[in-house]
Amino acid sequence: MEFAHGSGCFQYCACGNLIRLCAKTIRRGHYAGCPEGLMIPDRTGRKHASVHGLKFLKEFIANPGDVGSVTPSSKQLAAVVVETARVPQAKVVVEFGPGTGAITQALIPSLRPDATFFAMEINEDFVNLLRKQYPSATFHHDSAENTQKYLKKAGVEYCDAIVSGLPWTFFTEPLQENLLDAALHALRPGGLFATYVYVSSLPLPSSVKFRNKLKARFSHVSMSRIVWRNVPPAIVVCGRK
Ligand SMILES: C[S@@+](CC[C@H](N)C(=O)[O-])C[C@H]1O[C@@H](n2cnc3c(N)ncnc32)[C@H](O)[C@@H]1O
């Protein structure tokens, strides 16, 4: 359904972006300028928020240690994560912690037509939201620690790429280690594991320790350029098995 929208030139979404309205009509519920791609049209012209951004914030308040961030990743960060993990070349791709789908929305269109893809998410509300938004994709309501079980279910032994949005610095060390071990066991030799860390946390001992855990497991670990257009700015760290 389309309808006229005459409430000024700019609006905010909860991802913190000031969105310029450049069309007289927008498709209800969808707006390309929002990194989350899904907005509630506001006929009054007041600030309004994306469904996903608000959901994300609400879940952060309820489960800060799992969600780990008040805003979803930006489109720019999602693009660097997907490119670093070489998603377009991969036959089997797994996403860890899709949340409201900020990275998923860049990942799904980049998949090969014959690719196997599924995501692991522990928050049931997020899983329900993602299943509605991407009915043909698979979202497992389970910890990423159990990825191997779902690879077997999908009829494959290994994956070629793992894209992770997990909030590592919020996790205990044993949980970090379980998750990294699960990633390592799930990847084929040469497979890529791409995750992001916030630049502000890079010098912190917890972040240094996390990178050391990556280096201890993967044969090569690289860092991307800084993605400034993310709140907060982030870099993508990639481990090759
Ligand atoms: C910081 S949010 C990232 C969301 C999204 N990928 C992004 O970049 O905006 C972290 C997500 O990881 C999920 N999560 C936390 N621990 C998890 C686990 N062990 N297995 C799978 N998902 C987990 C949380 O529920 C949350 O949705």
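In this predicted model, strand β6 (residues 116-121) and strand β7 (residues 138-141) pair in the parallel sense, over four bridges. Within this pairing, Phe 118 has Thr 138 of β7 as its bridge partner. Helix α5 (residues 124-133) joins β6 and β7 in a right-handed β-α-β unit.

**The sheet**

- In general, strands of a sheet pair through backbone hydrogen bonds, and the pairing is either parallel or antiparallel.
- β6 and β7 belong to an open sheet of seven strands, whose order is β7-β6-β5-β8-β9-β11-β10 and whose pairing is mixed.
- The edges of this sheet are β7 and β10 (220-227), each of which pairs on one side only.
- On average, neighbouring strands of the sheet are turned by 20° against each other, with direction ignored.
- At the β10 edge, β10 pairs with strand β11 (residues 234-240) in the antiparallel sense, over six bridges.
- Val 221 stands opposite Gly 239 of β11.

**Helices and the sheet**

- Helix α7 (residues 173-186) lies across three strands, namely β5 (92-96), β8 (159-164) and β9 (187-198).
- The direction of α7 is at about 145° to β9.
- Why is helix α3 (residues 75-84) described as largely enclosed by the rest of the structure? Seven of its 10 residues are buried, so the helix is largely enclosed.
- The buried residues of α3 are Lys 75, Leu 77, Ala 78, Val 80, Val 81, Val 82 and Thr 84.
- These buried residues pack against helix α4 (104-110) and against the strands β8, β9, β10 and β11.
- After α3 comes Arg 86, which has a positive phi, near 50°.

**Surroundings of the ligand**

- Which residues are closest to the ligand? They are Pro 72, Ser 73, Gly 97, Gly 99 and Gly 165, out of 22 residues that surround the ligand.
- By type, the residues of this shell comprise 12 nonpolar, eight polar and two charged.
- Helix α2 (64-67) and strand β6 each supply at least two residues of the shell; β6 is also the strand that pairs with β7.

**The protein as a whole**

- The protein contains eight helices and 11 strands.
- Of its 241 residues, 38% are buried.
- Among contacts in the protein with a separation of 6 or more, 65% are between residues 24 or more positions apart.

Key
Residues numbered from 1 in each chain as written. Predicted model: local features only at pLDDT ≥ 70, side-chain atom pairs only at ≥ 80, totals over all residues. Pairing = 2+ DSSP bridges. Right-handed = clockwise from strand over helix to strand, strands pointing away. Near = placed C-beta within 6 Å. Nonpolar A, V, L, I, M, F, W, Y, C, P; charged D, E, K, R; others polar. Buried ≥ 20, exposed ≤ 12 C-beta atoms within 10 Å, placed from the backbone. Contact = placed C-beta atoms within 7 Å. Axes fitted to C-alpha atoms, helices over the stretch in contact; angles between N-to-C directions.
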